[in-house]
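I opened this notebook to record what I looked up in the structure, step by step. Metal sites come before helix packing in these entries.

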Amino acid sequence: MPLSRWSSRHKKTFGKKKEKWDGNFRLPPKPDSYYVETKGSCRWCGNTILNEDGTINTRKTWHEDCATEYLLIYHSGEQRAQLWNRDKGKCNHCGCENRTWHADHIKPLVEQKHVKEEDLDWSYYSLDNLQTLCKKCHRKKTNSEVKLRGKKKPVYKKWSK
Ligand SMILES: [Zn+2]
Ligand SMILES: [Zn+2]
């Protein structure tokens, strides 16, 4: 989706108080910069947006890359579009090509459940952690994950003295 088409939709969140994160690990909390309207500063990473000549671009409030990253996390349709661009619907497990492909998180997002805001592992939300799976392979993977979770208690690594 071109940046211009959706960035205006987000204007209404400008100046709003940052909401307390509800702990939904599927939708991680947005950074403080998301809520502050500063011309020429990115709502995602908070850094300055520069023109090619090095001056500050005061017309923009998103870096292209940051917008892509943002959309990957918060817009499921855009997430599918980005995954399609990379995999073209080909199952990463069995290699079949199917119209009803699924988007799967390689490291399951549920592992971020109950993780505190400051301890969230953002690699879970990256395109690198997404793969295309056919319906069959996706079901298999999900089933085995549920089994694993049922058996294993979470292991918390601690530094031993
Ligand atoms: Zn940025
Ligand atoms: Zn498959």
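The entries below concern a predicted model.

Entry one. I began with the zinc ion (ligand 1) and asked which protein atoms are its donors. I found C42 (SG), C45 (SG), H63 (ND1) and C66 (SG), lying 2.0 to 2.4 Å from the ion, and along the chain these donors follow the spacing C-x2-C-x17-H-x2-C. Within this set, C45 sits in the loop between α1 (3–7) and α2 while C66 belongs to helix α2, and the pair, 21 residues apart, links distant parts of the chain. The angles among the four donor atoms run from 102 to 118°, and I noted the site as tetrahedral.

Entry two. I turned to the zinc ion (ligand 2), which is coordinated by C91 (SG), C94 (SG), C134 (SG) and C137 (SG) at 2.3 Å. The spacing of its donors reads C-x2-C-x39-C-x2-C. Because C91 lies in the loop between α3 and β1 (102–105) and C137 in helix α4 (residues 135–151), the pair ties together parts that are 46 residues apart in sequence. Here too I checked the geometry, and with angles of 100 to 116° among the four donor atoms the site is tetrahedral.

Entry three. I then looked at how helix α2 (residues 64–74) packs with helix α3 (residues 76–87), and I found an angle of about 115° with the axes 6 Å apart, which means α2 is roughly perpendicular to α3. The crossing of α2 past α3 is left-handed. In the contact, T68, L71, L72 and Y74 of α2 meet S76, E78, Q79 and Q82 of α3, and by class I recorded three nonpolar, four polar and one charged residues.

Terms used
Residues numbered from 1 in each chain as written. Chains lettered and ligands numbered in written order. Predicted model: local features only at pLDDT ≥ 70, side-chain atom pairs only at ≥ 80, totals over all residues. Heavy atoms only, no water. Axes fitted to C-alpha atoms, helices over the stretch in contact; angles between N-to-C directions. Helix = DSSP H or I, 4+ residues; strand = E, 2+ residues; numbered from the N terminus. Parallel < 35°, antiparallel > 145°, perpendicular 65-115°, else oblique. Left-handed = near helix turned anticlockwise from the far one by under 90°. Contact = heavy atoms within 4.5 Å. Nonpolar A, V, L, I, M, F, W, Y, C, P; charged D, E, K, R; others polar. Donors = N, O, S within 2.8 Å, 3.2 Å for Na, K, Ca; no water. Tetrahedral: all angles 85-135°; square planar, octahedral: opposite > 155°, others 65-115°.
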